[in-house]
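This report walks through one protein structure, part by part. Please keep the sequence and the model at hand while reading.

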Amino acid sequence: MLDEVEGWLRRRSWSAADRPLRTLCAAKEAAGAAGTVSVVLPALDEESTVGGIVSVIRRELMERVPLVDELVVLDSGSGDRTAEVAAAAGARVVHRDAILPRVPSVPGKGEVLWRSLLVTSGEIVCFVDADLREFSADFVSGIVGPLLTDPDLQLVKAMYDRPLETEGAVVPAGGGRVTELVARPLLNLHWPQLAGFVQPLGGEYAARRSLLERLHFPTGYGVELGLLVDALGEAGLDALAQVDVGVRHHRHQDGQALGRMAATIYRTALERLVRTGRLKGEDDLVRPLLTQFSRTAAERPGQGGGFAPHTHAVPALERPPMTSVPEYRARRAA
């Protein structure tokens, strides 16, 4: 690890308990408009968990203490009761397609995070995944806190234990497989200043609007890696930090879904290496397709069947910095 990163770990890594709520509320009041906080939950078919998360944030951080000013659930086109459950729990629900309708929306988490900047007003924006179970308000207060108490900070990510829970078994440190197999090697090899982040792909992070509005947003699963790398380039390592919020329980995806996620993250990294001139950008350098295989049924009884290939595009679409969008500039100027 670089000496710079070792020093950063000592200075810029904390626990949520280091900043009690009374301290944060005092800092928020002192900050005035600069301390306004919007919490955004991107959600796609999360009716089983989104209501509980919204209820905790509303009760603990809006009613008991006035830390969060705005709580928005961004619906990515759910086919279940996600929007209804979130609204009943106390969130403002906005559908992805209702935001900036002149730009047709595409599927992907990064797409709704980008669009959320147009329907929120807080100068601090906090993103929280909507599939978390056993949710604690520390996931919000922990990562918002350093931004309220330290004006030099620009982006704060949550760090946590991530157990793998499958078929009744629990592997304490078995979660975050894409992080360990793809994202961490990429960051250590190409952006070693970011090697100190415990959960670089974690979906819980807070940042100043003034930073987010200057960044490109990959529309898919590469958004977390892309924002982290770009924030390093835009603000520098010492403007980034991380906070321990305990344990993250959430739904795990199957191996093929993780493979598609990994390919998208890898391509997001390549796009940044090309953009900064650290890698050639010839068309034949990257083939943006991923082929996976599934077992097929046997044609005759007693036969083992075979394997069928399925090829998926590896998307690279990115949305431009929000400051380049006329509607956003007009909204901020109003």
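What follows describes strands, helices, loop residues and a cavity in a predicted model.

## Strand β2 and its neighbours

Strand β2 covers residues 37-43, and seven of its seven residues are buried, so the strand is largely enclosed by the rest of the structure. Its side chains point in two directions: Val-37, Val-39, Leu-41 and Ala-43 go one way, while Ser-38, Val-40 and Pro-42 go the other way. Residues of both sets are buried.

β2 pairs with strand β5 (residues 124-127) in the parallel sense, through four bridges. Within this pairing, Val-39 of β2 has Cys-126 of β5 as its bridge partner. A parallel pairing also joins β2 to strand β3 (residues 70-75), here over six bridges. In that pairing, Ser-38 is opposite Glu-70 of β3. Between β2 and β3 the chain passes through helix α3 (residues 50-63), and this β-α-β crossover is right-handed.

## From β3 to β4

β3 also runs parallel to strand β4 (residues 92-95), and four bridges join these two strands. Leu-74 of β3 has Val-94 of β4 opposite it. The connection uses helix α4 (residues 82-89): β3, α4 and β4 together form a right-handed β-α-β unit.

Val-85 is a residue of helix α4. Is Val-85 buried or exposed? Its relative accessible area is 17%, and a residue counts as buried when this value is under 20%, so Val-85 is buried. Ser-48 is 37 residues away from Val-85 along the chain, yet the C-alpha atoms of the two are separated by 8.6 Å.

## Two loop residues with positive phi

Most residues other than glycine have a negative phi. Two residues in loops depart from this pattern.

Asp-45 is not a glycine, but its phi is positive, near 55 degrees. Asp-45 sits in the loop between β2 and α3. With a relative accessibility of 38%, Asp-45 is classed as partly exposed. Leu-100 likewise is not a glycine and has a positive phi, of about 50 degrees. Its place is in the loop between β4 and α5 (109-116). Leu-100 is classed as buried, at 8% relative accessibility.

## Helices α6 and α9

Helix α6 runs over residues 138-149 and has twelve residues. How far apart are its end C-alpha atoms? They are 16 Å apart, which agrees with the 16 Å that twelve residues should span at 1.5 Å a residue. Ten of the twelve residues are buried, so α6 is largely enclosed by the rest of the structure. The buried residues include Phe-139, Val-140, Ile-143 and Val-144, and Gly-142, Gly-145 and Pro-146 are also among them.

Helix α9 (residues 223-235) has 13 residues and reaches 17 Å from its first C-alpha to its last, close to the expected 18 Å. α9 is mostly covered, with ten of its 13 residues buried. Among these buried residues are Val-223, Leu-225, Leu-227, Leu-228 and Val-229. The charged residues Glu-224 and Asp-230 are buried in α9 as well. After α9 comes Gly-236, which has a positive phi near 90 degrees.

## Helix α10 and the cavity

Helix α10 has 21 residues and reaches 30 Å from its first C-alpha to its last, close to the 30 Å expected at 1.5 Å a residue. Gly-277 follows α10, and its phi is positive, near 75 degrees.

How many cavities of 30 Å³ or more are there? The count comes to one. The largest cavity holds about 60 Å³ of space. Its lining consists of 13 residues, and those nearest its centre are Pro-218, Thr-268, Pro-315, Ala-316 and Leu-317. Which helix gives the most to this lining? It is α10 (residues 255-275), with four residues. By class, five of the lining residues are nonpolar, five are polar and three are charged.

Technical notes. Residues numbered from 1 in each chain as written. Predicted model: local features only at pLDDT ≥ 70, side-chain atom pairs only at ≥ 80, totals over all residues. Heavy atoms only, no water. 1 Å grid on protein atoms, 1.4 Å probe; cavity = no way out; pocket = protein on both sides within 12 Å on 5 of 7 lines; lining within 4 Å. Points joined across faces, edges and corners; volume = space filled by probe spheres on them. Buried < 20%, exposed > 50% of the residue type's maximum accessible area, 1.4 Å probe, protein only. Pairing = 2+ DSSP bridges. Right-handed = clockwise from strand over helix to strand, strands pointing away. Expected span 1.5 Å × (residues − 1).
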